[in-house]
Every structure is written in structure tokens, then in C-alpha cells.
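Please work through the following exercises with the coordinates at hand. Each task is followed by a solution in steps.

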Amino acid sequence: MNLLDDRRVNVPQDLAAISRIDHAAETDPQDVGVEAADVARIWRSVEDFYRTGLQPAITLVVRRHGRVLIKRSIGHVHGAMPGEEIAPEVMTPDTPSCLFSASKAISSLLIHKLAEDGKLSLNDRVADYLPRFAKNGKGSVTILDLLSHRAGIPQLPVTHPDPVLLKHWDAVIDLLCSCPPMPGKFKHQAYHALTGGFIVGELVRQVGKIELPDALDQWLAKPLGLQHTRYGFEPAQRAQGAHNYRTGPKAFWPITAVSKQILGVDFETVVAASNTDEFLSAIVPAGNMYATADDACRVLQMMLNGGELDGVRVLKPQTIAAATRPGRLVMDRMLHIPMRFSPGFMLGENPVGLWGAHSKGAFGHIGFLTVLCWADPSRDISVALLNNGKTFAPAGLLHAARIVATITRACRPVPTRHKQQPRQIGR
């Protein structure tokens, strides 16, 4: 490993100069049962993450009891990395960032909306609506299988994927419909990093008779008052968004092998591609949704509220229950770790899981390792932690986990709103 290729931000001594707090949005911590000292500890954990030099910019929004506890940012959207010739621009709490795989969770809600409207059922076969998907033995795959990473298509059936392919929607759909399920992974849980999202999107198009960006805008963004949530980023607005950077040391084996298995291409290629016109102009339901941390948090808060936000009903409580109903905890055959999914969401665990200690009722999604968006009914919190540094450095994962732990410790469990536990799904 070439240590000279360890890319990190030039961290200034005065972090206050590159930090922004939305004081008008933040509530008094004591009004939501949190101590001011705990808020300080949460933000200090974010600053510690920034000091690693692995994150050029970080935004964090935390809601407790539906009210904004923290809405802050630190760092630069671009211009802070060594060798950059562009002038540094400070991140604000309302700067849009790519959600990467956290896009899956929001995209899945479009399918749940169609189910709520009686236009499909999660137990229906994908081929009932996309007959060509039945090719090569995939005819029994259900929509529930698709949302739960059991559709047997965890990778694009292309030896050397080119980012240009992302702009050719019909070609991608044809590839995924025509390909056989991957050997040994059919009907087993195997994380679909990008592929499942395209079939989700095609179902929305064919069943809903609506283009995916319009469905996102009409069914979620407008009712929830989301300011920047969209697939990709329009050219005229890209300078306002957070640029993505590979940071830390270059990835090495076996990390490189796992990355290529999951993503289809090597780690550095994915990061570089995420800043290209091919990626930003495409519709990638599982990977290129842009949003602010506040936008992502509002979606999760709506779900925490049983489908309603600010007096606007977006989804029915039964729909939220279906979207978060847990499957079995099994070893995922792509991620190679034990994972429990609902139809669209990564779930928490006891005694500890993705979303902290004693978080089995929590739901959310990770994006590119350190983008973390989740809600925890037991603590009555919704959280969105967005960042633009992409790294396999152990320090990055450790500090992200520390932020989760600090938030969950500060926001103690409260009496649950719904005592009855949802039944399990899956096989």
C-alpha cells in the first residue's frame, strides 16, 4: 500500500470558521428530553470525524419527538483537498449531497405507495407486471423478494460496466430481465447494490403510469416539503452540491475484491464516476438520489409519525408498517455479514446493530459506508448524517459508529407508540 497516496483534507485549526449551525431551526434540547451537554457531545463526535481528514464535509440533522435537535454542517463542498485548484466553499446545513445506497429506502416507498393504492401487492410476482423479467427462471421472484434483496440479480450482467450505461435505462432493464439469476444466490439474501433499484423503477413506471422523477416529486417531495430531493443533479445546480472524494489510503485486498463484487467495478472507479455527467444526469433509483440532510430526515420523520408530517398525510400507518416489517437475520451473500432487511430498509438489532445499542425497532439505510439515515421509534428520533468522503479507512467507519452511539446514548428510550411487534417476513 502506498502511504503517499493517503488523501486527506487539510484540516484547519479553527473549526468554527468552517462550521454552520441553523439556530433558527434547532429547539431547546431540554424541551425534547436531551441535555445541552449531550448535544455538545454529539457535535464533538462529528468534529472528531472531521479531524480525521477523511471527510471534506459533513451535515447532520437529528429530530427528537419530531422537533429539530441538531441541524449543522462542517467542512467544504469542494476545494479543501490538497492539489485542488478550485476555491474552497463552506458546506451549509442545506447543501445537497448524494445519498448513494440510502436512495434505496426512499425509492422503495414509491412501490409501497402503489401497494397502498391497490395497484400491486408485495406478494405479486415481478413478472406479473414485467413479463420479460420471467426469463431464465426468474418468474417466481416477487416484489417482496426484490425489495428484500432476494431477486437473484445482485450484479449487472456486464463484465466491465461503463458509467455511460446508466444513462440508457431501457438497455439496463433489458439486461436485468434477460439475465439468469446468479448461481447460488437465487432466493437467498444477496445485497443488490444498484440492480434491484432499476427494476423497482420500472415497476413504478409500468404500474403507476408515471416517470420515476415525477413519482418522487408528486408522491413524496412536494407533500413533505423537500427542497432538494431528486434523482441526479441538474448541470446548472451542480456547483451547489457536495463533490465526492476518495479519501484515506487506497483500498487494498481483500477490500478491493469485496468492493468489486458488490459494485461491479473497483472502489476508486465508483467514486470518480459519481462526479461525472453520466452519473449525475442518469436516474439510478438505488444510488444517485440527491437531498439535504433535512430532506432525508423529514422522510424518516414522516415514517416515524406513521405516514404523516406537518399535518399532511403521505402514507397510511399500515403502509409504514409493511415497509418496516422485519425479515430474518441471515448472512448476506454479497455483504458477507449478518443483515436483517425489511422491504426497503436496513434494520437495527439487539443488543447492538447498525443503529446503535438496543435498536431492533430502528430502520434506515447506509449509503457508501458512512452516509447514515435512520429512525428509531424506541427513542423517537430521526437522523440523517451525510458526508462526501468515500473511504475504507478503519478510522472512518469507527468514527461514524461513534456518532451513532453518541446519539443513541443522548436520546434515551421513551415509551413506545406501538406495543405490538410486527411479524417477520422472508424465508
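The exercises below treat aromatic pairs, a helix, a set of strands and the cysteines.

The model is predicted, so local features require pLDDT of at least 70 and side-chain atom pairs count only at pLDDT 80 or more, while totals for chains, interfaces and linings use all residues. Residues are numbered from 1 along each chain as its sequence is written, and side-chain values use heavy atoms, with hydrogens and water left out.

**Exercise 1. Aromatic rings**

Task: Classify the pair formed by F267 and F392, and state which parts the pair ties together.

Solution.
1. Rings of Phe, Tyr and Trp (its six-membered ring) pair if their centres lie within 6.5 Å; planes under 30 degrees apart count as stacked, over 60 as edge-to-face and the rest as tilted.
2. The structure holds nine aromatic pairs. For F267 and F392 the centres are 4.6 Å apart and the planes stand at 50°, so this pair is tilted.
3. Helices (H or I, at least four residues) and strands (E, at least two) are DSSP runs, numbered from the N terminus. Because F267 belongs to helix α8 (residues 267-273) and F392 to the loop between β19 (389-390) and α12 (394-410), the pair ties together parts that are 125 residues apart in sequence.
4. Buried means under 20% relative accessible area, exposed over 50%, and partly exposed in between (1.4 Å probe, protein chains only). F267 is buried at 4%, whereas F392 is partly exposed at 21%.
5. Both rings belong to a cluster that ring pairs build from F100, F267, F279, F368 and F392.

**Exercise 2. Helix α10**

Task: Compare the span of helix α10 with its expected value, and determine how many of its residues are buried.

Solution.
1. The expected span of a helix is 1.5 Å times one less than its number of residues.
2. Helix α10 (residues 293-304) has twelve residues; from its first C-alpha to its last it reaches 16 Å, close to the expected 16 Å.
3. Twelve of the twelve residues in α10 are buried, including D294, D295 and R298.
4. After α10 comes G306, with a positive phi near 80°.

**Exercise 3. Strand β17 and its partners**

Task: Describe how strand β17 pairs with β16 and with β18.

Solution.
1. Two strands pair if DSSP finds at least two bridges between them.
2. Strand β16 (residues 363-367) pairs with β17 in the antiparallel sense over five bridges; W374 in β17 is the bridge partner of G364.
3. These two strands form a hairpin with three residues between them, and F368 in the turn has a positive phi of about 45°.
4. On joining strand β18 (residues 381-387), β17 again runs antiparallel, with five bridges; D376 stands opposite I381. The hairpin of β17 and β18 has four residues between the strands, and D380 in its turn has a positive phi of about 55°.
5. Six of the six residues of β17 (residues 371-376) are buried. V371, C373 and A375 point one way, and L372, W374 and D376 the other way.

**Exercise 4. Cysteines**

Task: How many disulfides does a search of the whole structure find?

Solution.
1. A disulfide is a pair of cysteine sulfur atoms within 2.5 Å.
2. The search finds zero disulfides. For C179, the nearest cysteine sulfur is that of C177, 8.2 Å away; C179 is buried at a relative accessible area of 9%.
3. For C411, the nearest cysteine sulfur is that of C297, 11 Å away; C411 is buried at 0%.
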